[in-house]
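Let's take a look around this protein together. Have the 3D view open and turn it as you read.

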Amino acid sequence: MCGIIGYTGRKKAAPIILDGLKRLEYRGYDSAGIALLTRREDLGLRREDYGFQVVKQKGRLAALEENPKTAKLEGFTGIGHTRWATHGEPSDINSHPHLGGSNRVAIVHNGIIENYKQLKAKLESKGARFVSQTDSEVIAQLAEHYYSGDLIDALIKTFNALQGSFALGVMCVDNPDIIIAVRKDNPLIIGVSEHGNFIASDVPAVLNHTNKVYYMEDGEIAVINKDEVTFINSDKEVITKPQTTVTWGVDDAEKGGYPHFMLKEITEQPKVLNDTVNITFNEGENKKTIDKIDFLMFNRIVITACGSAYNAGLCGRYVFEKLCRRSVEVELASEFRYKDPIIDEKTLVILVSQSGETADTIAAMREAKARGAATLGIVNVIGSTIAKESALCLFTAAGPEIAVATTKAFSAQLILLYALALKAAANMGRLTEGALLKLEDEIRALPAKAAEILENVDVLQKYSSNCIGYKSVFFIGRNIDYAIAAEGSLKLKEISYIHSEAYAGGELKHGTISLIEDNTLVVTISNNPALHGKIMSNAEQVISRGANVLLLGNCGGARFEDCGNEKITFIKLPCCHELFSPSLSAIALQLFAYYIAANKGLDVDKPRNLAKSVTVE
Ligand code: M6R
C-alpha cells in the first residue's frame, strides 16, 4: 500500500530517492517524505547540531518535489516513503519518515502494526511523546527505547514486539552510512549497483540504477552500506541469498510517450497475450508447471482472488465448467478464510493476483495450505509472496504494470485460466486431442484479434468521449458475458468515478430496473450466439425505460441487423470462440473506461483512495 525506498552510496541521495518514489507512487499517493543523513564531519557540525534532515508533505510526490526544503537536502544516505493512509489522515505530520523521540532513529514503514495502541501506551507511560496519529511512529519510538549503541540489537527487540505486517527501512544518526531493512508479510527488495545500494518496495524503484536485486524473505534483516549488502537472521547469523537479474528494463516501467500508463498498458496487450501464450502453450516455464498438474487428484477446484483478479476467476469458472463438466467455486479472498472453507487435500485452490502481495489473497493461500489443499498461484510479480509460497506458480508475462487499474495483467490471467481449464478437461478425458488443439488455436489467435481492436480504437474513443456526462452506467451480459461485465463495471467506476453496476441480463427486472431512467447507459455485452436474442430482449427492456445502450459483441453482423434502433450503438468485436471472448471484451471495456476518465481530466493512473497493491486487510 505504501512505497518505501532507501539509498546509500557515492551519489547524492535526494534525487535518487525522489526518482524511486516516483516509480513507487502507484502504491499510494496521500503524502510523501524523505529523510537524509550526512556524516557530521562532512558538514563540519558538532554532535549536538547533527541529525536527520526531513521533509514530508501531504499530497502527491510533486508537492514534496516542489517544497523548497527538498532542494536543500544534502547527503549520500537516505530513506523515502509514499503513503496510502491507514492510521491517521493524510497530513504532513502523519507522513513518513517517522523519528523516535530523541531524533536518533528514522523509519519508513509499509504495512500495519496491529498492536500499536498497546505499545504506544506502554511507551507513553515511560515518558515517550508521540507526535502523529500513525501506527508506524511506534516503530521509531520503540527502536529508540531499546537502543543503547547497537542498532541491530534494538531492531531485533523491536521486530519481536511488533504484531502485524511490515516492510521497514531504518536509519540511525550514529551509523550515518547504513540502512537496515526488514520485512514481515510485505514486499521488500534490495538492489545492488556500482555506485551504491538500495532497499525498495518494488523493482521499478531501482531499475534506473541496477537490475541486480535480492528478494527479501520474512524475518531476514538486510544491512546495507555503500559497498556491500549483508543479510542476517534474528540470531545475527549471516545468510547467503541468491541474487536475481531482472530481465525487463526501465523503459518497461516508463510511459513511453503515452499520456497515461493505463493507455500504454492497454496497448501492450497483443504482445502480453502473445508472450503469455508462448510460455504457456509452447515450450516455457508455465507449460512445464501445467504439465505437472494432475487434475484427477482433485475433487474440488476453488479460485480465490480480489478485485479484477476475482473477475478473471469468474470468467475462468465458465471455461472450466463448460469444458470439464465439473463445478468450480470462485471466492472473494477477503471472505475466504472467514467462512471456514470446506477444503482438504483433494482441493486445488487457485490464487490469482497481479502483485502476488494482496493481503487477503495471501491469507487465503495460507488458509488453504493449513488445511492441506494444493495451491496454485497465477501471479505477475516474480519473487512476490504468492509466487514463493504457493506450491506451484504460473506467471503472467505482463511485465511491470504501473497504472492502478489493471489491464494487461488481467488479460494474461485469463489466458492462464483458459490453459488450466483445457489441461483439466484433457486430463478428465473430456477433450479429444483434435478438440484440444482446435481450442488452443483459438487462444493463439487472440493476440492478433486484440491488435485488431486496438487498430480500430477511434470508434470506441469517439463513443466514450461522449459518455462523460452519465451519472450511472449498468453493464449486462449473460453467462460468461456477465462475468466480463463485472470487470467492465469495476474498471469504469474505479477510474471515472461514475457509479456503475454489473448485472446478469435476466436479473435486472428483479429490482434494479427501477434505477433505469432517461440518460442511463446500459453497456450490453453479447458474444454468445445462443443467448443473443435473450440479451437483446433485456436491452429492449431498458431502452423502453429511457436508457441508451452500447452493444459490444462479436456474434456476427447478421444477428445485429436489428440494431436499427437509434438508442443502440453497436461496436463489433472480432469473432472468436465464446469461451475466450472475455479477452476481447475486456480490451473494449478497458478502452471505454479509459477514454471516459481521460476525457473527464481525471488522474487515470492514480484514482482517488486507491493503491495498486493492497497489502492490508
Ligand atoms: O495484485 P492483485 O491482482 O492481487 O490485486 C487485486 C485487486 O486489488 C486489483 O485487481 C484491483 O481490483 C484493481 N485495481 C482493479 O483494476
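Below is a short tour, going from the whole fold to two residues and then to the empty space inside.

## The big picture

First things first: this is a predicted model. The protein contains 21 helices and 25 strands. Its radius of gyration is 26 Å, close to the 25 Å that the globule rule gives for 617 residues, so the protein is as compact as a globular protein of that length. If you drew a box around the C-alpha atoms along the principal axes, the box would be roughly 85 × 50 × 45 Å.

How much of the protein is buried? Buried residues account for 60% of the 617. On the outside, the accessible surface is about 23,400 Å², and carbon and sulfur atoms make up 48% of that surface. Now think about who touches whom: among contacts with a separation of 6 or more, 73% link residues 24 or more positions apart.

## Phe592, a residue in a helix

Find helix α21, which covers residues 582-599, and you'll spot Phe592 in it. Is Phe592 buried or exposed? Its relative accessible area is 0%, so Phe592 is buried.

Which residues does Phe592 contact, leaving aside neighbours within four places in sequence? The list includes Leu460, Tyr463, Ser464, Cys467 and Phe475, and Leu492, Leu521, Val523 and Leu550 are on it too. Try lining up Phe592 with Lys491 as well: the two are 101 residues apart in sequence, with 9.1 Å between their C-alpha atoms.

## Ser91, a residue in a loop

Now hop over to Ser91, which sits in the loop between β4 (77-83) and β5 (98-99). The relative accessibility of Ser91 is 12%, and buried means under 20%, so Ser91 counts as buried. Not counting residues up to four places away in sequence, Ser91 touches Ser31, Lys58 and Arg83.

## Holes inside

How do you look for gaps in a protein? Rolling a probe the size of a water molecule over the atoms shows where empty space is left. Here, the count comes to 3 cavities of 30 Å³ or more, and the largest cavity holds about 70 Å³ of space.

What lines that largest cavity? Met1 and Cys2 are part of the lining, along with Arg83, Trp84, Thr86 and His87. His96, His109, Gly111, Thr134, Asp135 and Ser136 belong to the lining too. Sorted by class, the lining has 3 nonpolar, 7 polar and 2 charged residues. You've already met one of these residues: Arg83 lines the largest cavity and is also touched by Ser91.

Notes
Residues are numbered from 1 along each chain as its sequence is written. This is a predicted model: local features need pLDDT of at least 70, side-chain atom pairs count only at pLDDT 80 or more; totals for chains, interfaces and linings use all residues. Side-chain values use heavy atoms; hydrogens and water are left out. On a 1 Å grid over the protein atoms alone, a cavity is a set of points where a 1.4 Å probe fits but cannot get out, and a pocket is an open set with protein on both sides within 12 Å along at least five of seven lines; lining residues have an atom within 4 Å of a point. Grid points are joined across faces, edges and corners, and a volume is the space filled by probe spheres set on the points. Ala, Val, Leu, Ile, Met, Phe, Trp, Tyr, Cys and Pro count as nonpolar, Asp, Glu, Lys and Arg as charged, and the others, Gly among them, as polar. Helices (H or I, at least four residues) and strands (E, at least two) are DSSP runs, numbered from the N terminus. The radius of gyration is taken over C-alpha atoms; the globule rule is 2.2 Å times the number of residues to the power 0.38. Buried means under 20% relative accessible area, exposed over 50%, partly exposed in between (1.4 Å probe, protein chains only). Contact means heavy atoms within 4.5 Å. Accessible areas come from the Shrake-Rupley method with a 1.4 Å probe; for residues, only the protein chains shown count as cover.
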